[in-house]
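Thank you all for making time this morning. I would like to walk you through one model, taking a single side chain as the way in and then widening the view from there.

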Amino acid sequence: MTELDESAKRALAWPGDPQTPVESCTPALARQQYLDSFADIQRPLEDVAEILERHVGAIRLKIWRGRAAPRQGAPALLYLHGGGFVIGAPETHEDIGRTLANMAGAVVVSPDYRLAPEHPFPAAIDDCAAALVWMTEHADELGIDPLRIIVAGDSAGGNLAAVVALLARDGQVPDIIGQVLIYPVTDQLQTSDSYSRYEEGFGLTAAAMKWFRDHYLPDAESRSDWRASPLSVASLTGVAPALVILAGYDVLFDEGAAYAERLGSEAQATSRAWPGQIHGFVSKRGAIPEGQEALEAIAMARTMDPGLAR
């Protein structure tokens, strides 16, 4: 078995105030703790050409235009932040959003979707779907090509991105040309072997994942709904091409790998694994340079090519 990368060890030992395990927090405390600490292990924010905020109803959108993005007809990325459906915001993932906007010469839109437990499943899905509709309807205002939109997200955001891609396949939201799933949640039953292998000691724990799930999906029956667990969807045929990013030492590894395998056999997908890395490594580039490699792979993904939609 591949050993844990030295950079991952460095991230796990990163100095800072002690953190209360998320499963011992109230949602409000968990959110504040994350907001107070997330930036410590990220890189300094890159300058971008433009930063905007817009609203879809009550949902705030944060928008970053990359320095090399054309003023009209730019490729676009709908980025859905992680945080277990309970914590996080566009600002906690602004490092990723700005970097991808610059790397891809794109416009990146990130919705501040509603969080559980105040807004359980499927509120976050509805908000992310509404953001995609808004992007296509306001393409001229944004200076984007509505035929060159991809959807991406990490962890819980990877789950939401996978679901939005399936909704697009089924004609319930506008078409997309690709999806990027970064260590996605795909099975809310949480029974895969990686939940035992990496139960604790590698950042994201099995206990934390149960806490997140129980807030987002308080109704146990809903956990088998494909919109909560896209791995359970009957078919992936016809879904947009995918790039799946995986971390080897991650409770979500097995379900992400299983979803990537299905995408590869039923649709079109490329899977990239960093075997010695931990969950969240793309967001921890201050300690983990491999996160930069993953972002470069995302920015260069052929899912930005509208030819894949044909």
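Let me begin with Trp 211, which counts as buried because its relative accessibility is 10%, and let me say at once that what you are looking at is a predicted model. Next to it in the sequence is Phe 212, and this residue is buried as well, with a relative accessible area of 8%. The ring centres of Trp 211 and Phe 212 are 5.3 Å apart and the planes stand at 70°, so this pair is edge-to-face. For that last step the cut-off to keep in mind is that planes over 60 degrees apart count as edge-to-face.

How many aromatic pairs does the count come to? The count comes to nine aromatic pairs. One of them is formed by Phe 202 and Tyr 249, whose ring centres lie 5.2 Å apart with the planes at 40°, so that this pair is classed as tilted. Phe 202 sits in the loop between α7 and α8, while Tyr 249 belongs to strand β7, and the pair therefore ties together parts that are 47 residues apart in sequence. Both of these residues, Phe 202 and Tyr 249, are buried. I would also point you to one aromatic cluster, which is made up of Phe 85, Phe 121 and Tyr 216.

Phe 121 brings me to the backbone, since a cis peptide bond joins Phe 121 to Pro 122, with omega at about 5°. Pro 122 lies in the loop between β4 and α4, and Pro 117 is found in the loop between β4, residues 107-111, and α4, residues 123-137. A cis peptide bond joins Ala 116 and Pro 117 too, and there omega is about 5°.

While we are on backbone geometry, please turn to the loop between β6 and α7, where Tyr 183 has its place. Tyr 183 has a positive phi of about 30°, although it is not a glycine, and with a relative accessibility of 2% it counts as buried. Gln 190 lies in the loop between β6 and α7, and Gln 190, again not a glycine, has a positive phi of about 60°. At 13% relative accessibility, Gln 190 counts as buried.

Let me now step back to the whole chain. The protein has ten helices and eight strands. Its radius of gyration is 18 Å, close to the 19 Å that the globule rule gives for 310 residues, so the protein is as compact as a globular protein of that length. Along the principal axes, the C-alpha trace spans about 45 × 40 × 40 Å. Buried residues make up 58% of the 310 residues, and, of the contacts with a separation of 6 or more, 79% are between residues 24 or more positions apart. As for the surface, the protein exposes about 12200 Å², of which carbon and sulfur atoms supply 51%. There are 25 positive and 42 negative charges, and their mean positions are 4 Å apart.

Which helix shall we take as an example of a covered element? Helix α10, residues 290-299, is mostly covered, with eight of its ten residues buried. Among those buried residues are Leu 295, Ile 298 and Glu 290. What covers the buried residues of α10 includes the helices α1 and α3 together with the strands β6, β7 and β8.

I will finish towards the start of the chain, with two residues. Is Trp 14 buried or partly exposed? At 32% relative accessibility, Trp 14 counts as partly exposed, and Trp 14 is found in the loop between α1 and α2. Trp 14 and Ala 287 are 273 residues apart in sequence, yet their C-alpha atoms are 8.0 Å apart in space. Leaving aside neighbours within four places in sequence, Trp 14 is in contact with Asp 40, Ile 41, Gly 286 and Ala 287.

The other residue is Gln 33, which is found in helix α2, residues 27-37. Gln 33 is buried, because its relative accessible area is 16% and the cut-off for buried is under 20%. With neighbours within four places in sequence again left aside, Gln 33 is in contact with Gln 19, Thr 20 and Cys 25.

Note on methods: Residues numbered from 1 in each chain as written. Predicted model: local features only at pLDDT ≥ 70, side-chain atom pairs only at ≥ 80, totals over all residues. Heavy atoms only, no water. Helix = DSSP H or I, 4+ residues; strand = E, 2+ residues; numbered from the N terminus. Rg over C-alpha atoms; globule rule 2.2 N^0.38 Å. Buried < 20%, exposed > 50% of the residue type's maximum accessible area, 1.4 Å probe, protein only. Contact = heavy atoms within 4.5 Å. Areas by Shrake-Rupley, 256 points an atom, 1.4 Å probe, with all protein chains shown as cover. Lys, Arg positive; Asp, Glu negative; His and termini not counted. Charge placed at Lys NZ, Arg CZ, Asp CG, Glu CD. Phe/Tyr/Trp six-rings, centres within 6.5 Å; stacked < 30°, edge-to-face > 60°.
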